[in-house]
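Trainee: Please take a close look at the ligand site. Then carry on to the sheets and helices of the chain.

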Amino acid sequence: MALFHVARYAGPEAAGAEAEADGRARALLERLQCRARERQRQKQPQQQEAERAAEAAGRRRRRRRRPRRPRRREGCGAAGSPPEPRGKRRRLDGEDGGAGGAGSGEDASVDPGGSSPAEGSAPPARGLPPGALGRSRAAKAQPFLPLWLAEPSSVGKSVTEDLVPIEDIPEVHPDMQKKLQAHGISSYFPVQAAVIPTLLESIANGFLVARGGYRPSDLCVSAPTGSGKTLAFVIPVVQALLCRAVCQVRALVVLPTKELAQQVSKVFNIYTDATPLRVALITGQKSLVKEQESLVQKTVDGFRCLADVVVATPGRLVDHIDQTPGFSLQHLRFLIIDEADRMIDSMHQSWLPRVVEAAFPSDAANDPFALLQRRQLQATTAASISCPQMPLQKLLFSATLTQNPEKLQQLGLYQPRLFSTGLAGRGPRDTDGDGDGDSGGKYTFPTGLSHHYVPCSLRNKPLAILHLILERNFSRVLCFTNSRENSHRLFLLVQAFGGVAAAEFSSRCRPGQRKVVLKQFEQGKIQLLISTDAMARGIDVQGVQLVINYDAPQYLRTYVHRVGRTARAGRTGQAFTLLLKVQERRFLQMLAEAGVPKMARHDIPSELLQPLVPRYEEALSQLEQAVKEEQRQKVA
Ligand SMILES: Nc1ncnc2c1ncn2[C@@H]1O[C@H](COP(=O)(O)OP(=O)(O)OP(=O)(O)O)[C@@H](O)[C@H]1O
């Protein structure tokens with residue numbers, strides 16, 4: 001038996017038989033079509049009757065709803081306006097484009113009279129061929145933004161204009177106010193003025209039991225780079241913990257990089273100085289044993305906790321949850337996720353479920369002697385609030401916080417509130433499939449930042465960098481590439497060229513080296529720091545005047561964070577992006593859609609580069625040799 005049917009050309013006798021069979025099939029088909037038409041004719045009067053009844057019912061429903069329907073966004077700032085769920089739901093832009101071609105999804109949902117979209121099923125089809133009867137097109141699911149995302153609490157954008165004097169927020173403890181002033185802070189930036197009182201209100205009755213016994217809302221904060229988000233959580237958390245009696249881990253800050261964690265722990269150290277509160281940094285920069293010594297101490301009857309605030313990177317945190325005896329998160333009150341959108345991208349590491357598991361151990365809920373019960377998220381009922389709950393409040397911060405509800409859902413937020421400087425309700429376009437492809441209009445940039453692009457050829461890119469630095473003589477320039485190889489080669493080239501104090505910063509360097517480089521850059525000993533995106537987020541180096549994107553960033557989010565290393569805390573700064581001809585259109589379009597204010601073109605005439613060429617050619621040949629040497633060493 002053949003496994004495959006082999007089609008052959010038919011002979012004359014086969015052709016006759018085939019014609020006869022063809023005729024029989026045609027006659028059968030005609031008979032069937034005739035019967036179907038007959039059935040259709042019989043059904044039509046009943047269908048028309050049903051349609052008329054359905055339309056009349058729909059009209060009645062719409063008429064009944066109309067008076068209750070709120071006008072969109074009107075009065076959204078009015079205090080005490082009641083929640084209006086239907087009016088505030090918003091369609092997700094760009095999610096339904098072209099799903100069914102012309103006349104599909106979108107057409108089906110739009111009432112030609114301009115009234116509300118048809119709900120439920122589409123009207124029964126008329127005059128369709130047999131077989132299509134009764135196959136009504138399924139109504140397209142319309143995604144909507146949750147109210148808390150659609151209508152965030154607005155935060156002022158400008159850190160130079162929307163300032164709030166320290167005395168205007170009396171809830172902040174006088175000792176904290178003194179400390180702020182001692183560190184040169186006389187006013188709160190807008191994000192601090194919005195978030196600090198809200199957080200302090202949630203601990204008005206002490207941090208162990210939330211106000212009125214209710215669990216406080218989780219907070220999401222989206223504000224520009226350099227707008228002071230760190231102090232927005234450090235101040236209220238430190239103030240909340242000042243009244244603690246026993247040292248336990250009550251605040252945990254999770255950040256994506258070691259350097260960032262170190263920076264945040266430094267800020268905590270400043271504001272916990274001269275208080276009993278202890279801060280531990282666990283990032284893997286020290287050995288596990290050393291870190292364990294900063295977290296717990298063995299006693300005769302168990303373990304003693306040594307840290308009130310733990311600042312950690314996710315991987316190392318999980319190491320300690322697994323391997324440090326006595327390390328407990330059962331008393332955790334604040335979980336702060338800084339650079340939250342980046343941390344959501346790293347959720348595949350499952351660090352959050354491990355933290356939640358450690359904060360809500362299953363045996364703790366059944367402990368009848370526990371003073372404060374701790375249970376996982378559940379519906380608020382009379383029974384659930386009869387025992388005092390110790391809440392765990394999540395606080396999310398980023399300059400590019402995702403407003404994609406699906407992504408945020410992974411964090412299990414409780415009645416969240418959003419504070420944002422961006423445009424409300426723009427989130428769902430952020431369907432960043434690859435984790436970074438946000439779309440625009442919702443991010444705000446520091447007001448003192450000017451954006452430029454420099455058209456140039458591949459060969460002239462290093463020359464353009466050298467020209468920009470030498471011509472303007474900036475003392476601290478941060479230059480970003482898209483890979484560590486690019487960073488390394490550009491560094492070797494600049495070094496070979498001479499005249500610029502340069503260094504590289506990437507995963508090629510050991511953590512210790514990176515720490516030294518960062519310090520030297522802060523001290524002004526390094527004029528040009530060539531880095532991968534390892535430096536793009538959160539790093540706060542005073543006095544960076546210029547950011548150069550040697551390689552154009554692929555995503556808007558990356559651009560926002562890179563250029564945000566300058567023009568911080570109300571200062572001015574410049575960002576230059578080198579663009580090849582092929583990149584120009586897409587890149588400029590991406591930034592225009594993002595609402596980047598004025599992207600100025602900066603041409604570098606070739607006459608200006610010409611004097612640098614002989615030295616540059618020499619440096620290129622040195623680079624070639626250096627790369628060959630490195631490859632030889634790698635093979636050996
Ligand atoms: N109220 C204030 N007055 C003056 N300077 C401030 C104030 N608040 C914060 N700063 C300073 O502003 C700088 C930027 O703050 P911070 O690093 O918290 O910004 P950020 O919003 O977290 O930025 P990024 O999104 O890049 O991480 C810091 O040097 C900080 O000391």
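**The ligand site and the two sheets**

Mentor: A polar side-chain atom of Arg-568 sits 2.8 Å from an oxygen atom of the ligand. This is a polar contact, meaning a pair of N or O atoms within 3.5 Å; within protein, one must be able to donate a hydrogen and the other to accept it, and residues adjacent in sequence count only if both atoms are side-chain atoms. The model is predicted, and local features need pLDDT of at least 70, side-chain atom pairs count only at pLDDT 80 or more, while totals for chains, interfaces and linings use all residues. Residues are numbered from 1 along each chain as its sequence is written, and side-chain values use heavy atoms, with hydrogens and water left out.

Asp-540 has an N or O atom in its side chain 2.6 Å from an oxygen atom of the ligand. Ser-227 takes part through its backbone: one of its backbone N or O atoms is 3.1 Å from a ligand oxygen atom. The protein covers 85% of the 640 Å² of accessible area that the ligand has on its own (Shrake-Rupley method, 1.4 Å probe; for residues, only the protein chains shown count as cover). In total, 20 residues surround the ligand, each with a heavy atom within 4 Å of it. The closest are Ser-187, Gln-192, Lys-229, Thr-230 and Asp-540.

Next come the sheets. Helices (H or I, at least four residues) and strands (E, at least two) are DSSP runs numbered from the N terminus, and two strands pair if DSSP finds at least two bridges between them. One open sheet has eight strands in the order E1-E12-E4-E11-E10-E5-E9-E6, with parallel pairing. Strands E1 (153–154) and E6 (279–282) are at its edges and have a single partner strand each, so one side of each lacks a neighbour in the sheet. Helix H7 (residues 229–241) packs on this sheet, touching E5, E9, E10 and E11, and its direction makes about 170° with that of E10. Contact means heavy atoms within 4.5 Å; axes are lines fitted to C-alpha atoms, for helices over the stretch in contact, and angles run from 0 to 180 degrees between N-to-C directions. Helix H8 (residues 258–272) lies across E5, E6, E9 and E10, at about 175° to E6.

A second open sheet has seven strands, ordered E15-E16-E14-E17-E18-E13-E19, again with parallel pairing. Its neighbouring strands are turned by 25° against each other on average, direction ignored. Strands E17 (residues 546–549) and E18 (residues 573–579) pair in the parallel sense over four bridges, and Asn-549 stands opposite Thr-577 in E18. Helix H16 (residues 511–523) packs on the sheet, touching E14, E15 and E16. Helix H17 (residues 556–563) lies across E13, E14, E17, E18 and E19, running at about 150° to E17.
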